Amino acid sequence: MNYRSDKPLMVQSDFTVLLEVNHPRFGEVRNFLSRFADLIKSPEHLHTYRITRLSLWNAASAGLKAEEIVQFLQANAKFDIPQHVFDDIRHFMNRYGLIRLELSGTALVLAADDREVMKELQGCKSLVPLLGRARDDGSIEIAPKHRGTIKQELIKLGYPVQDLAGYHQGESLPIRLRDSLTSGKPFTLRDYQLAAINSFYRNGSVHGGSGVLVLPCGAGKTVIGIATMARLGSATLILTTNVTSVRQWKREILEKTDLSGDLVGEYTGTTKEVRPVTIATYQILTHRKNKEAEFLHMSLFNERDWGLIIYDAVHLLPAPVFRATADIQATRRLGLTATLVREDGREEDVFSLVGPKRFDMPWKDLEREGWIAKAECVEIRVPLPAGAREKYAAAEPKQKHRIAGENELKLKAVERLLLRHRGEPTLIIGQYLDQLKRISATFGAPLISGEMTHDDRERLYARFKQGDIDLLVVSKVANFAVDLPDAAVAVQVSGSFGSRQEEAQRLGRILRPKPGTNESFFYSVVSRDTREQDFAMKRQLFLVEQGYRYRIEDAEKLLEPEVIPS
């Protein structure tokens, strides 16, 4: 077996890929590797990636070729790579586009160049109820109502369908982007925002019109959504995470387009306006009186002839909305997210029903260009006091996490971090309300939680953005879609077990560009030698994949006397 010590990769027979962190070409190799492999573990010296069929299909949909991947691995591997790894990469990459959904006249058909494949599919029990008449050319007719379901079933069988059946225009709604904002500041799309829109639209051809755009928080995903609306010029339904986000979308639409307020409606628990542009929460769509009852507001998908549906934070798309999405495959669908990671493992449903990944902008690339702030990520490890350590040792696993999360010694670490960044706009973010109330009382800072009305939250967010207050304590309600452009420091005192998406969203709260040095700081305060420390490593995986490194700092060092700027 050949051995090349100067190469950074070790490719194993189970499709695991190990990458040396300290290699001179680490950043370059990681950037290409992450286009077709998923990060699994990220200890200090050796990161572990895994090549999966879905990671390869997303790569194929983005235009990457199997031979490019093979050549990359061959050029960067320390050891000879088993031949079956290359064979399987080619096999799975070639599966993308092997089966197509197309229009033949007015009929929707499932087609493939290989007739043997079509015969194989006709023998699959799960597909029989979805398949119609076989045609002389080897294609099979599909009822339009089965367009989404057939894609879901086929991807389970290892056949990702390329949907080329096209889309209907929907209700016309001319939208023009403004040249300047209401403040008088010029408004133009950034180069990468335009590239993202083009990758989705594909000149209006059947090769575009559905898919997911992956960009970091602060990169302007809302702007991309609005510009896509303007490109299509049709009625649009926007689905997002909470009422704060609904209002943020509405503000941005009115500020950046020529649409008047009466054309943009909010559809939430308190307001139900169906307008040519309607912004709704996932929560209201999935509301029902009990588990056996029907969803009361899922009919919103059919209230107008939508030409575009935007799924904001598509990684949070609830299961019932997947089912509704399966029924509207003739409508253009745009997913926006900072991460394709889903905690429920339904990434293949996103691929099938919303669409494949069309665009992925590395966080570090945007940082280098100055479009998002540079971020320093630091994990502060705090010891558990003796009494808490005894309780921790005797506790059940879930309770262990809470004991570690609410460690009283974290308060002292937070105090020192606030002194270190005195005067800088800072967020303290946590999971446990009792802990956050103590922090709020200790430092005299407002607390935003689910107990607060949306209007009161909006007022506090506005005061923070205006600089009237420079410290906010926020619960997990602020994880998603909160526009806090001036936040420069985030201190995470507790988190949701190993949620990678939560870590990404929390860092995103401070990544919007800053005047001057354009720097931000993300601190994660964890209890040393506990399950919380283990979960912290899992949460950090996604950010490490994006090129961020966590510096470990012991609380003892943090608490040493230091000169605090006056």
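**Exercise 1. Strand β16 and its partners**

Find the residue of β22 that stands opposite I380, then describe the pairing around β16 in this predicted model.

*Solution.*
Step 1. I380 faces E553, a residue of β22.
Step 2. Strand β22 covers residues 550-554 and pairs with β16 in the parallel sense, over 5 bridges.
Step 3. Turn to β21, residues 519-527. Strands β16 and β21 run parallel and are joined by 9 bridges.
Step 4. Within that pairing, C377 stands opposite F522.
Step 5. Check burial. Strand β16 spans residues 374-382, and 7 of its 9 residues are buried.

**Exercise 2. L507 and the largest nonpolar core**

State which residues touch the most other members of the largest nonpolar core, and list the contacts of L507.

*Solution.*
Step 1. The core holds 56 residues; L213, I253, L472, L507 and Y548 touch the most other members.
Step 2. Helix α8 (residues 221-232) supplies the largest share of this core, 6 residues.
Step 3. Set aside residues up to four places away in sequence. L507 then touches W363, A375, C377, F522, L543 and Y548.
Step 4. Another core of 37 residues lies apart from the largest one, with L9, L33, L39 and L73 among its members.

**Exercise 3. The setting of T325**

Decide whether T325 is buried or exposed, and identify its polar partners.

*Solution.*
Step 1. Locate T325: helix α11, residues 319-326.
Step 2. The relative accessibility of T325 is 0%, so T325 is buried.
Step 3. The side chains of T325 and Y311 make a polar contact of 2.8 Å.
Step 4. A polar side-chain atom of T325 also lies 2.7 Å from the backbone oxygen of V321.
Step 5. Leave out neighbours within four places in sequence. T325 is then in contact with Y311, R333 and L353.

Definitions and conventions. Residues are numbered from 1 along each chain as its sequence is written. This is a predicted model: local features need pLDDT of at least 70, side-chain atom pairs count only at pLDDT 80 or more; totals for chains, interfaces and linings use all residues. Side-chain values use heavy atoms; hydrogens and water are left out. Helices (H or I, at least four residues) and strands (E, at least two) are DSSP runs, numbered from the N terminus. Buried means under 20% relative accessible area, exposed over 50%, partly exposed in between (1.4 Å probe, protein chains only). A polar contact is a pair of N or O atoms within 3.5 Å; within protein, one must be able to donate a hydrogen and the other to accept it, and residues adjacent in sequence count only if both atoms are side-chain atoms. Contact means heavy atoms within 4.5 Å. A nonpolar core is a set of buried Ala, Val, Leu, Ile, Met, Phe, Trp, Tyr and Cys residues joined through side-chain atoms within 4.5 Å. Two strands pair if DSSP finds at least two bridges between them.
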